[in-house]
Amino acid sequence: MAKLTYKTDEHSWWQRAVMVSGDGLVFIIFALLGRSSHGLIDENPLLAAVRVAFPFFLSWLLVAPWIGVFRQHPPLRMIGLTLVAWLITLPVGLGLRWLQLGRASPLSFALVTFLTVAILLVIWRGSYSWWTTRRAG
């Protein structure tokens, strides 16, 4: 059985762009799900979702590269790194959201945000890592 090796800097700029775009989509989906579950209807729901997602996505872009999630990893390692990065990112995002709204978020919001985004990121990043690994092998 051949052993696969992984080079951690193998992603090209376009693969990183795909990862950042997919991450952005995850945060927008999170915001759309949250707003719809609360029955919040705006004339432009996408713009409202971007406003909600922005502090978390910005935090993700500030924290995640330091954890190494924009490098190529085997799927299980990518999932682990993604969860660590999200765990560190969440408080930063909540802080930026507090600055944006001028008030703190309730603990229930933080917990639901953590779980929802964690699930979406794991599905997206695990799948992408699996696909790129499979394609390279």
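# Report on a four-helix chain

Helix H3 passes helix H4 in a right-handed crossing, where a crossing is called right-handed if the near helix is turned clockwise from the far one by less than a right angle, and left-handed if it is turned anticlockwise. The structure is a predicted model, in which local features need pLDDT of at least 70 and side-chain atom pairs count only at pLDDT 80 or more, while totals for chains, interfaces and linings use all residues. Residues are numbered from 1 along each chain as its sequence is written, and side-chain values use heavy atoms, with hydrogens and water left out.

## The chain and its helices

The chain has 4 helices and 0 strands, and its pattern along the sequence reads α-α-α-α. Helices (H or I, at least four residues) and strands (E, at least two) are DSSP runs, numbered from the N terminus. Of the 137 residues in the chain, 34% count as buried; a residue is buried under 20% relative accessible area, exposed over 50%, and partly exposed in between (1.4 Å probe, protein chains only). Contact here means heavy atoms within 4.5 Å. Among the contacts between residues at least 6 apart in sequence, 72% join residues at least 24 apart.

## How the helices pack

Two packed helices are described by the angle between their axes and by the distance between those axes. The axes are lines fitted to C-alpha atoms, for helices over the stretch in contact, and angles run from 0 to 180 degrees between N-to-C directions.

For H3 and H4, the axes come within 9 Å and cross at roughly 145°. The residues of this contact divide into 16 nonpolar, 5 polar and 2 charged, where Ala, Val, Leu, Ile, Met, Phe, Trp, Tyr, Cys and Pro count as nonpolar, Asp, Glu, Lys and Arg as charged, and the others, Gly among them, as polar.

Helix H1 (residues 13-37) meets helix H2 (residues 45-67) with axes that come within 8 Å and cross at roughly 130°. H1 and H2 are therefore oblique to each other; angles under 35 degrees count as roughly parallel, over 145 as roughly antiparallel, 65 to 115 as roughly perpendicular, and the rest as oblique. The crossing of H1 and H2 is right-handed. Among the residues that make this contact are Val20, Phe27, Ile28 and Arg35 of H1, together with Leu46, Val50, Phe56 and Trp60 of H2. Sorted by class, the contact of H1 with H2 has 17 nonpolar, 1 polar and 3 charged residues.

H1 also packs against H4, at an angle of about 150° and with the axes 10 Å apart, and that makes H1 roughly antiparallel to H4. The crossing of H1 past H4 is right-handed. On the H1 side the contact includes Trp14, Val18, Phe27 and Phe30, and on the H4 side it includes Phe109, Val117, Leu121 and Trp124. This contact of H1 with H4 divides into 14 nonpolar, 5 polar and 3 charged residues.

## The nonpolar core

A nonpolar core is a set of buried Ala, Val, Leu, Ile, Met, Phe, Trp, Tyr and Cys residues joined through side-chain atoms within 4.5 Å. The largest such core holds 24 residues, of which Phe27, Phe56, Trp60, Val69, Trp86, Val117 and Leu121 touch the most other members. H1, H2, helix H3 (75-101) and helix H4 (107-136) each supply at least two residues of this core. Phe56, not counting residues up to four places away in sequence, touches ten listed partners that include Phe27, Phe30, Trp86, Arg97 and Phe109.

## Four residues and their surroundings

The table sets out the accessibility of four residues.

| Residue | Helix | Relative accessibility | Class |
|---|---|---|---|
| Arg97 | H3 | 13% | buried |
| Ile28 | H1 | 21% | partly exposed |
| Ile79 | H3 | 24% | partly exposed |
| Ser36 | H1 | 52% | exposed |

Leaving aside neighbours within four places in sequence, Arg97 is in contact with Pro55, Phe56, Gly102, Arg103, Ser105 and Phe109. Ile28, with residues up to four places away again not counted, touches Leu46, Ala49, Val50 and Ala53; Ile28 and Val50 are 22 residues apart in sequence, and their C-alpha atoms are 6.0 Å apart in space. Ile79, on the basis of leaving out neighbours within four places, is in contact with Val122 and Gly126, while its C-alpha atom is 9.0 Å from that of Val69, 10 residues away in sequence. The C-alpha atoms of Ser36 and Ala49, which are 13 residues apart along the chain, are separated by 10.0 Å.
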